[in-house]
Structure formats: C-alpha cells, structure tokens
Amino acid sequence: MKAAPFDYIRAESESHALEVLQQHGADAKLVAGGQSLVPMMAMRLARPSVLVDINRLTALKGVENAADAVRMGACTRQRDIEHDQGLRSRLPLVAQALAWVGHIQTRNRGTVGGSLVHADPSAELPLAAGVLAARLHLRSQNGVRVVDAAEFFQGPMFTATAETECLVAIDWPVWKGAHIGSAFDETSIRHGDFAMASAACQLQLDEAGVCRRVVLGFGGVDGTPMVFPELASQLVGHRITAQAAREIAHSASSRCEPGDDIHATASFRRHLAAVLGERVLLKAAENARGASH
Ligand SMILES: Cc1cc2nc3c(=O)[nH]c(=O)nc-3n(C[C@H](O)[C@H](O)[C@H](O)COP(=O)(O)OP(=O)(O)OC[C@H]3O[C@@H](n4cnc5c(N)ncnc54)[C@H](O)[C@@H]3O)c2cc1C
C-alpha cells in the first residue's frame with residue numbers, strides 16, 4: 001500500500017515546527033527518522049494530512065554532559081551515540097539497549113526521541129528511560145514542560161505528548177559512585193525484531209558486594225515499560241544471589257499483563273520476562289563488581 005496524500009513541510013526552526021503543529025493539531029505529525037511513522041503511513045495505520053519534517057533542526061541534536069545527567073537532543077540519531085565512549089561509561093544501560101534496536105540501517109535514521117514518542121511496548125529505549133527515570137522535555141508554543149518517564153508512557157503507542165508538542169530533549173540521570181552495573185537482555189524471533197520480552201537492570205553494590213540500589217524493568221509484557229522499584233528494593237542490603245534474583249524477577253513478571261499474539265502467548269511472555277529478569281540482575285551485579293567507577 002501507499003500512504004494517503006499529505007502535505008510535506010520542512011521545518012526551518014523549532015518555532016516553525018511548533019507553529020505548524022499549533023495550526024493543524026491532530027492532522028499534523030512530526031517526522032524524525034521516519035522508521036516507525038513512514039511504515040505506519042504506508043499501511044494507512046497513520047494518516048496525517050500534514051507531515052512536519054524536523055530532521056534539519058540541529059538544535060534538537062547532540063549530547064550534553066552535566067554532572068548529574070546526560071541531556072540528549074530528541075533528534076539525535078541512535079547510531080550517532082551507539083558507540084560513544086562517554087555514553088558507555090556514564091549511561092551504559094542506554095548503550096546496551098541501543099544494541100538491540102532494529103538494525104544498523106534503522107539506527108542510522110531512527111532518533112532517540114522518535115523511539116520514545118512512538119512508545120512501542122516492546123521498544124528498548126522506552127524501557128531504558130523507565131528504568132533510569134529519564135525526564136522528557138516537551139515544548140509547545142506555550143512553553144516547556146518536563147515529564148518523568150513514569151508519567152510519559154501511558155499505553156501502547158500512547159504518551160503524554162500533546163498534539164501541539166514536540167519532544168525537544170531527554171535528561172538521563174547518571175548515578176554517582178563506585179560499583180554501578182547495568183544489563184539489558186531480550187528474546188526476539190530474529191535479532192533486530194521487536195522483543196517478545198525484554199529486561200533491563202541497573203544497580204549499585206558497596207565494597208563488600210552488598211546491593212545498595214537497584215531498579216529492574218521489563219518491556220513487551222504490558223502496555224508500557226514496567227518498572228518495579230519497590231519490589232527490587234527488597235534486594236537492598238543483600239547480596240544478589242541467583243535465588244534472590246529469581247524470586248524478585250518471578251514476582252515482577254507475575255505483576256505484568258502481557259497480551260497473546262502470533263509470536264508468543266501471554267504466559268510464555270511472562271515466563272520469558274522472569275528468566276530475562278533473573279539474568280539481567282545477575283549480569284548487572286557481575287558488571288558492578290568489575291566496575292571501579
Ligand atoms: C525493520 C525495522 C526494525 C525495527 N526494529 C526495532 C526494534 O527492534 N526496536 C525498536 O525500538 N524499534 C524498532 N524499529 C522502529 C524504529 O527504529 C524506532 O521506533 C524508530 O527509530 C523511531 O524513531 P524515528 O526517529 O524513526 O521516529 P519517526 O518514525 O519519525 O516517528 C515516530 C513517532 O514519533 C513522533 N515523533 C518523532 N519525533 C518526535 C519529536 N521530537 N517530538 C514529538 N513527536 C515525535 C512521530 O510523529 C511519530 O508519531 C524498527 C523499525 C524498522 C523499520
């Protein structure tokens with residue numbers, strides 16, 4: 001199929017893009033990398049009558065390092081940051097998640113912000129955003145508001161972004177101190193396919209190997225990324241043993257409500273989440289033991 005007819009507007013500036021969004025409301029859609037929107041238009045699952053191209057807005061691209069967070073422009077391409085050494089050391093979980101996103105070709109075009117706003121329940125970057133408690137900066141003609149990841153993802157392919165808003169930047173909090181480790185894992189039919197289930201974890205150990213802080217999250221097993229801060233905090237004050245990791249991951253998976261589809265039943269997805277959850281908890285602990293910073 002081909003997309004329904006639409007007008008194409010190349011935004012000359014951020015304010016130009018916002019003006020067009022304000023003018024056309026629900027009829028307009030921003031296009032960044034086009035890796036999700038264009039296939040949806042071709043299948044007529046999305047039928048914007050105005051497409052606003054924000055690819056040339058350099059103000060929406062790039063990475064800035066602050067003491068407590070990494071700020072990423074929403075239009076930063078996934079491939080541009082994938083091998084960034086600074087990102088790998090300050091935000092290893094984002095680098096680990098990116099390795100699972102689609103293919104080199106899709107990451108060459110796909111943007112960080114596009115993936116977050118598209119909010120596929122199986123997508124890797126939304127899960128990383130949930131686990132790291134990223135803060136999303138949404139701008140409209142009325143100004144900027146900052147939304148926490150926990151409130152941003154509201155349902156499958158549904159976020160807090162209003163029709164008149166553009167995601168302009170994402171702040172990824174950076175944890176401070178030594179012995180921080182993270183891990184991301186998923187199961188999909190082929191590498192590059194959307195995950196049937198995924199799991200992500202970041203934690204911090206003390207010098208003795210005892211857990212001081214931990215976050216665990218799952219993707220693909222509910223309508224939004226699922227994060228379990230209270231449940232995972234039961235590990236704080238203890239060593240991360242295989243049994244403890246298994247119990248927490250199993251409890252977390254039982255709180256998810258996956259759907260059935262042609263790729264996997266709900267109960268298989270829940271099982272995968274439990275297995276992947278145990279794996280990422282143990283891997284993150286191993287990485288933390290090896291991390292001196
Ligand atoms: C073959 C293939 C495999 C893929 N595999 C995966 C995968 O494994 N994991 C995965 O997560 N994704 C995968 N994807 C999807 C895709 O790579 C990402 O979702 C994509 O990168 C989204 O970013 P984009 O910049 O292309 O967004 P676009 O397609 O341009 O936009 C997506 C949505 O976000 C909105 N949007 C974009 N930018 C903004 C902004 N700054 N502010 C407000 N709204 C905005 C658009 O209006 C649209 O609704 C795959 C895609 C393909 C084609």
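Started at the ligand: I looked up Q78 and found one of its polar side-chain atoms 2.9 Å from an oxygen atom of the ligand. Note to self: this is a predicted model.

Next I checked T111, where a polar side-chain atom sits 2.6 Å from a ligand oxygen atom. For A32 the partner is a polar backbone atom, with 2.8 Å between that atom and an oxygen of the ligand. I then pulled the cover: on its own the ligand has 970 Å² of accessible area, and the protein covers 89% of that.

Which residues come nearest to the ligand? I got 30 residues around the ligand, and L30, G33, G34, T111 and E124 come nearest. So T111 turns up twice in my notes, here and with its polar side-chain atom.

Moved on to the helices. I looked at α11 (residues 242–254) against α12 (residues 266–290): their axes come within 8 Å and cross at roughly 140°. The crossing of α11 past α12 is right-handed.

Then I listed who meets whom. From α11 I have A242, A245, R246, I248, A249, H250, S253 and S254, and from α12 they meet R270, A273, A274, G277, E278, L281 and L282. I sorted the residues of this contact into eight nonpolar, four polar and three charged.

Definitions and conventions: Residues are numbered from 1 along each chain as its sequence is written. This is a predicted model: local features need pLDDT of at least 70, side-chain atom pairs count only at pLDDT 80 or more; totals for chains, interfaces and linings use all residues. Side-chain values use heavy atoms; hydrogens and water are left out. Axes are lines fitted to C-alpha atoms, for helices over the stretch in contact, and angles run from 0 to 180 degrees between N-to-C directions. Helices (H or I, at least four residues) and strands (E, at least two) are DSSP runs, numbered from the N terminus. A crossing is left-handed if the near helix is turned anticlockwise from the far one by less than a right angle, and right-handed if clockwise. Contact means heavy atoms within 4.5 Å. Ala, Val, Leu, Ile, Met, Phe, Trp, Tyr, Cys and Pro count as nonpolar, Asp, Glu, Lys and Arg as charged, and the others, Gly among them, as polar. A residue is near a molecule or strand if one of its heavy atoms lies within 4 Å of it. A polar contact is a pair of N or O atoms within 3.5 Å; within protein, one must be able to donate a hydrogen and the other to accept it, and residues adjacent in sequence count only if both atoms are side-chain atoms. Accessible areas come from the Shrake-Rupley method with a 1.4 Å probe; for residues, only the protein chains shown count as cover.
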